[in-house]
Amino acid sequence: MKYGDFDGSAEELICSRLQEIEEKEQVKILYAVESGSRAWGFASPDSDYDVRFIYVRPVKHYLQLQESRDFIEWELNETLDINGWDLAKALRCFHKSNATLFEWANSPIVYRDTPAWGRIWRAAQPYFSCKAALYHYYGTARKNYETCLRGELVKYKKYFYVLRPVLACKWIEQRACPPPVLFEELAEAVLDMEMRPAVDNLLEIKQQMTEAGQGQPVSVLHDYLEAQIRHFKATAERMHDDRNSDWMALNRVFMEILGSDTDEPIACNHERLPERDRITPFPKFS
């Protein structure tokens with residue numbers, strides 16, 4: 001299907017791509033969500049759609065000795081970025097408390113959901129590690145700050161690629177649980193009051209800019225981010241290791257999913273999303 005032939009919303013296009021993946025890859029998609037700036041709530045007008053999914057293959061695939069790819073990269077262009085992880089890979093990543101996977105699990109924009117995913121998520125939640133997540137978000141903030149916010153002109157969207165993980169660190173420090181995905185929810189809960197005017201102003205500018213939009217550095221944000229990054233480096237180093245080393249719950253749910261009927265009918269989820277969680281539709285393709 002060419003883009004020019006598609007006359008529908010973003011959700012409809014994405015759901016059609018998910019069905020196409022299932023048919024051509026011979027997999028069952030258990031869960032599919034929006035990731036990145038649209039899920040975070042600060043997309044630019046020309047932001048693409050970052051779709052991430054978890055899939056399972058037939059049982060015989062997992063009984064073969066040869067190594068095989070445990071991910072699918074399906075589409076990458078100016079509009080869609082779609083890729084997914086095999087169920088076994090996802091469960092191993094949950095065991096490591098992979099922060100990105102916990103974000104997918106909490107995304108406010110869900111394209112595909114199944115009862116099987118519900119069982120997986122219930123089994124995975126006890127594997128969240130505050131120390132591992134804090135290191136992840138601290139590292140993300142530091143890397144983006146050092147590589148994207150050092151020039152005479154900076155891309156304003158990059159401030160949010162540092163602000164959001166900093167606020168995620170604050171959430172974990174204060175509440176010891178996975179942080180919410182939406183930037184607005186994070187900011188409302190943990191952003192320092194004196195920083196809110198600067199962040200609100202920057203967010204308003206960012207949402208009117210293209211992805212490449214640049215401007216002068218905002219000194220008050222630089223000072224704040226540098227101080228927070230230093231603080232969370234020290235905090236992460238002091239924390240005790242709270243990872244869950246047991247495999248029992250994840251092994252159990254893996255065997256349950258492989259032993260169950262994964263051919264249950266699954267509908268795209270966009271019709272059930274609350275209005276506040278629906279994404280802005282594409283313009284008509286020309």
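Five strands make up an open sheet with mixed pairing, in the order β3-β4-β2-β1-β5. Strands count as paired when DSSP finds at least two bridges between them, and the elements themselves are DSSP runs numbered from the N terminus, with helices being H or I over at least four residues and strands being E over at least two. β3 (71–76) and β5 are at the edges with a single partner strand each, so one side of each has no neighbour in the sheet. From one strand to the next, the twist averages 15 degrees; the axes behind such angles are lines fitted to C-alpha atoms, for helices over the stretch in contact, and angles run from 0 to 180 degrees between N-to-C directions.

A word on the source before going further. This is a predicted model, in which local features need pLDDT of at least 70 and side-chain atom pairs count only at pLDDT 80 or more, while totals for chains, interfaces and linings use all residues. Residues are numbered from 1 along each chain as its sequence is written, and side-chain values use heavy atoms, with hydrogens and water left out.

**Strand β1 and its partners**

Let us stay with the sheet for a moment. Strand β1 covers residues 28–35, and eight of its eight residues are buried, where buried means under 20% relative accessible area, exposed over 50%, and partly exposed in between (1.4 Å probe, protein chains only). The pairing of β1 with β2 (residues 49–56) is antiparallel and runs over seven bridges. With β5 (residues 110–112), β1 also pairs in the antiparallel sense, over two bridges. Here are some of the bridge partners:

| Residue in β1 | Partner | Partner strand |
|---|---|---|
| Valine 33 | Arginine 52 | β2 |
| Valine 33 | Valine 110 | β5 |
| Alanine 32 | Arginine 112 | β5 |

Leading into β1 is the loop from α1 (10–25), and this loop holds glutamine 26. Glutamine 26 is not a glycine, yet its phi is positive, at about 55 degrees. With a relative accessible area of 56%, glutamine 26 is exposed. Alanine 176 is another residue other than glycine with a positive phi, near 55 degrees; alanine 176 sits in the loop between α7 and α8.

**The chain as a whole**

Zooming out, the protein chain contains eleven helices and seven strands. Of its 286 residues, 51% are buried. The chain exposes about 14,500 Å², with carbon and sulfur atoms supplying 49% of that area; accessible areas come from the Shrake-Rupley method with a 1.4 Å probe, and for residues only the protein chains shown count as cover. Contact here means heavy atoms within 4.5 Å. Among contacts between residues at least 6 apart in sequence, 75% join residues at least 24 apart.

**Nonpolar cores**

A nonpolar core is a set of buried Ala, Val, Leu, Ile, Met, Phe, Trp, Tyr and Cys residues joined through side-chain atoms within 4.5 Å. The largest one has 73 residues, and the members touching the most others are Leu87, Phe94, Ile120 and Leu225. Helix α7 gives this core its largest share, eleven residues. A second, separate core has 17 residues, among them Leu18, Phe53, Tyr55 and Tyr111. Beyond residues up to four places away in sequence, isoleucine 120 touches Leu30, Leu87, Leu91, Phe94, Val253 and Ile257.

**Helices and selected residues**

Helix α6 (residues 130–148) has 19 residues and should span 27 Å at 1.5 Å a residue, which agrees with the 26 Å between its end C-alpha atoms. The expected span is 1.5 Å times one less than the number of residues. Its buried residues include Cys130, Leu134, Tyr138 and Tyr145, and the cover over the buried residues of α6 includes α4 (99–105), α7 (156–175) and α10 (219–238).

Phenylalanine 183 belongs to helix α8 (residues 183–190) and is buried, at 4% relative accessibility. Although phenylalanine 183 and phenylalanine 42 are 141 residues apart along the chain, their C-alpha atoms are separated by 7.4 Å. Leaving aside neighbours within four places in sequence, phenylalanine 183 is in contact with Trp40, Phe42, Phe160, Leu163, Arg164, Leu167 and Val199.

Finally, histidine 95 lies in helix α3 (residues 87–95). Histidine 95 has a relative accessible area of 14%, so this residue is buried. Not counting residues up to four places away in sequence, histidine 95 touches Tyr127, Asn244, Ser245, Asp246, Trp247 and Leu250.
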